[in-house]
Structure formats: C-alpha cells, structure tokens
Amino acid sequence: MKLLVLGATGGTGRHIVEQALARGHQVTALVRSPQKAADLKGVTLVTGDARNAMSLRQAVKGQDAVISALGTAVSPFKEVRSLSTATRELVSAMKAEHVSRLVCITGLGAGDSAGHGGFAFDKLIFPLLLRKVYADKNRQESIIRDSGLEWIIVRPTVLNDKTRRDSIRALTDLSDFHGGSISREDVASFVLDQVSANTWLHRSPLITW
C-alpha cells in the first residue's frame, strides 16, 4: 500500500515508518524539516506544514491511506489548536484526493478515556500539564468522527521505549481500567494493522499492555 505518515519524525512516527517499510509499504512523509528526516531511508519526503492545505494535497495525492502520528508540545497555559487545525485540513485534502482511510493516534485522556489514567496521571499530570493539549485532541477526534472518512482513532496509554511485546490489549470498555503503558513499537504495529483491517473501523480503542 501507499501510506502517508504525518508526524514521521516523532518517537512513534519513526517506528511506524520503519515497520511500514519492513511490511513492504511505500511510505511518504510530510515533514517541515528535511534535515530532521534525513535518516528516514526509503521514504518519499514532502516538505511542508501539516496545517497547510496545499502541502497536504500534495502529500495525500495518490495514497491508499493516511496515518496521523502528529503530536504537540506540553502547553500548561497557552491554548493549543495545532492538532485540530491540521486534522481539519487533512480531512479536506483526503476528500479532495479521494483517499478514505485515516488512522489517527490521540491518547489516553481523550474522549471517554479521560479519568482512566490512574491517580498521578488524572489528578496531577493531566490537569497541570496536558489539559489544553487534550482539549485540542478532543476537537481533533470530533473532526475525524464527523469526516465521513473510513477512520480509526487509536488511544495509546502512557508511551515508553521498551522492547516490543506484541501483547497488545485493545479496549473500549474502560469501566475497570485505570492506568497503563505501552511501547511506541507496539503502537506502531497496531496502527499499521488498521490501514487495511475493519475490526476497529469507526471506533476509538484504547491500547495498552
């Protein structure tokens, strides 16, 4: 398949690219800095901003699916709009270029996963550091749900750089779930499975070990 990856130079994005190539996919990455992406061998690079309509149209054209691993810096005080802005433009570009499959990574704390991160995350980290970021992730998820695309939203628990386990739990019933972690490698593997599978189509699984 031909895959566009947004956020390809991030921690999880790099694993997505590496594993996608290993699976035989053709990978395009939209990057702001080609220098930062110089080590992404075997990837077609498109230089541009993920919030720019023309850059997105250029990158989306001819793709079979899009993976968004976009992130944003912690912002305790300043309003965050970058994720929702980029996603709104991405949806428009995908519709214009007739690309229907979108797999997007958000995170634990978005939507109905809020309040399931465990005491430290829910009572300290989230309200003090992540509240504004997750307000924008919620806007991002809403845009995707209303898009009419073939979407899957993936919400990983707290990310780590440990070795891949291939023992991923995907949950939608979080009534007895509080806290958890997962490796970036396993997130990448799960996300790549979704570009062609319909198991989680139009759903928002939380993934964890």
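Here are four short exercises on this structure, each with a worked solution.

Keep in mind that this is a predicted model, where local features need pLDDT of at least 70, side-chain atom pairs count only at pLDDT 80 or more, and totals for chains, interfaces and linings use all residues. Residues are numbered from 1 along each chain as its sequence is written, and side-chain values use heavy atoms, with hydrogens and water left out.

**Exercise 1. The whole chain**

Task: Find out whether the radius of gyration of the chain agrees or disagrees with that of a compact globule.

Solution:
- Start with the rule, which takes 2.2 Å times the number of residues to the power 0.38, with the radius taken over C-alpha atoms.
- For 209 residues, a compact globule would come out near 17 Å; the chain has 16 Å, so the two agree.
- Next, look at the box: along the principal axes, the C-alpha atoms fill roughly 45 × 35 × 35 Å.
- Then check burial: 51% of the 209 residues count as buried (under 20% relative accessible area; exposed is over 50%, partly exposed in between, with a 1.4 Å probe and protein chains only).
- Finally, take the contacts (heavy atoms within 4.5 Å): among those with a separation of 6 or more, 73% join residues 24 or more positions apart.

**Exercise 2. The largest pocket**

Task: Work out which element supplies the largest share of the lining of the largest pocket.

Solution:
- First, the terms: on a 1 Å grid over the protein atoms alone, a pocket is an open set of points with protein on both sides within 12 Å along at least five of seven lines, and lining residues have an atom within 4 Å of a point.
- The largest pocket has a volume of about 1,100 Å³, meaning the space filled by probe spheres set on the points, which are joined across faces, edges and corners.
- It is lined by 42 residues, and Ala69, Leu70, Gly71, Thr72 and Leu83 are the closest to its centre.
- The chain has 5 helices and 10 strands (DSSP runs numbered from the N terminus: helices are H or I with at least four residues, strands E with at least two).
- At least two lining residues each come from α1 (11-22), β2 (26-31), α3 (82-96), α4 (119-145) and β7 (158-160).
- The winner is α4, with 7 residues.

**Exercise 3. Two histidines**

Task: Decide whether histidine 98 is buried or exposed, then look at histidine 202 too.

Solution:
- Histidine 98 sits in the loop between α3 and β5 (101-105).
- Its relative accessibility is 72%, so histidine 98 is exposed.
- Its phi is positive, about 60 degrees, although histidine 98 is not a glycine.
- Histidine 202 belongs to the loop between α5 (184-193) and β10 (206-208).
- With a relative accessible area of 44%, histidine 202 is partly exposed.
- Phi of histidine 202 is also positive, near 60 degrees.

**Exercise 4. Two strand residues**

Task: Say which residues serine 183 touches, not counting residues up to four places away in sequence, and do likewise for isoleucine 207.

Solution:
- Serine 183 is in strand β9 (residues 181-183), and at 0% relative accessibility it counts as buried.
- Serine 183 touches Asn160, Lys162, Thr163, Arg164 and Trp209, with residues up to four places away not counted.
- Isoleucine 207 is in strand β10 and, at 0% relative accessibility, counts as buried.
- Leaving aside neighbours within four places, the contacts of isoleucine 207 include Val154, Pro156, Ile168, Ile182 and Phe190.

Notes. 1 Å grid on protein atoms, 1.4 Å probe; cavity = no way out; pocket = protein on both sides within 12 Å on 5 of 7 lines; lining within 4 Å.
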